[in-house]
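Trainee: I'm new to this one. Could you take me through a single part of it, close up?

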Amino acid sequence: MKLLLIHGPNLNLLGTREPEKYGLEKFEEINKNLYAYCFKINVELEIFQSNTEGEIVTKIQQALGNFDGIVINPAAYTHTSIAIRDAISAVNIPTIEVHLSNIYSREDFRHHSFIAPVCIGQISGFKSNGYKLAIDAMINYLKNSNENIT
Ligand code: DQA
């Protein structure tokens, strides 16, 4: 099983960026723990971060045929990007949206996600643990859908 984790803009600053909202854990630390977790459970994980919408779109396009599932925190692009939404729709790879903060308890403009409707589901508000929750949910989802096919 191969999973792709995509981090959107400004998430590379985790650890120093608004820690009361996003936690104190550093970006590199979060990724290191996720790689270790996936290694332990025998899941292949690639992690990609970009501050650029087009690079995220290209990465999603390139995932076709290479990954079984995508976990994405689109960060601010959640609330603006039809291009990222269309890329997820186009490749049709099961995708889970993650937010460190609870976007529904914040400003109104964060309450709308262009991405959520093309995802299996969304995890919001559990800080960095949300990524692990999403990986577990994705594994479960993929195992169940394979069972249904065979
Ligand atoms: C975020 C929430 C977004 O509204 C914000 O723009 C981010 C981070 C989160 O993980 O809580 O950059 O996606």
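Mentor: Sure, and one sorting rule comes first: Ala, Val, Leu, Ile, Met, Phe, Trp, Tyr, Cys and Pro count as nonpolar, Asp, Glu, Lys and Arg as charged, and the others, Gly among them, as polar. By that rule, the lining of the largest pocket has 7 nonpolar, 5 polar and 3 charged residues. Keep in mind that this is a predicted model, where local features need pLDDT of at least 70, side-chain atom pairs count only at pLDDT 80 or more, and totals for chains, interfaces and linings use all residues. Residues are numbered from 1 along each chain as its sequence is written, and side-chain values use heavy atoms, with hydrogens and water left out.

The largest pocket holds about 170 Å³ of space, a volume being the space filled by probe spheres set on grid points joined across faces, edges and corners. Here a pocket is an open set of points on a 1 Å grid over the protein atoms alone, where a 1.4 Å probe fits, with protein on both sides within 12 Å along at least five of seven lines; lining residues have an atom within 4 Å of a point.

The ligand takes up that very pocket, with more than half of its atoms within 2 Å of the grid points. Around the ligand you'll find, among others, Tyr22, Leu100 and Ile103, each with a heavy atom within 4 Å of it. Oxygen atoms of the ligand also meet polar side-chain atoms: His79 at 2.7 Å, Arg110 at 2.8 Å and Asn73 at 2.9 Å.

Methods
Polar contact = N/O pair within 3.5 Å; in protein donor to acceptor, adjacent residues only side chain to side chain.
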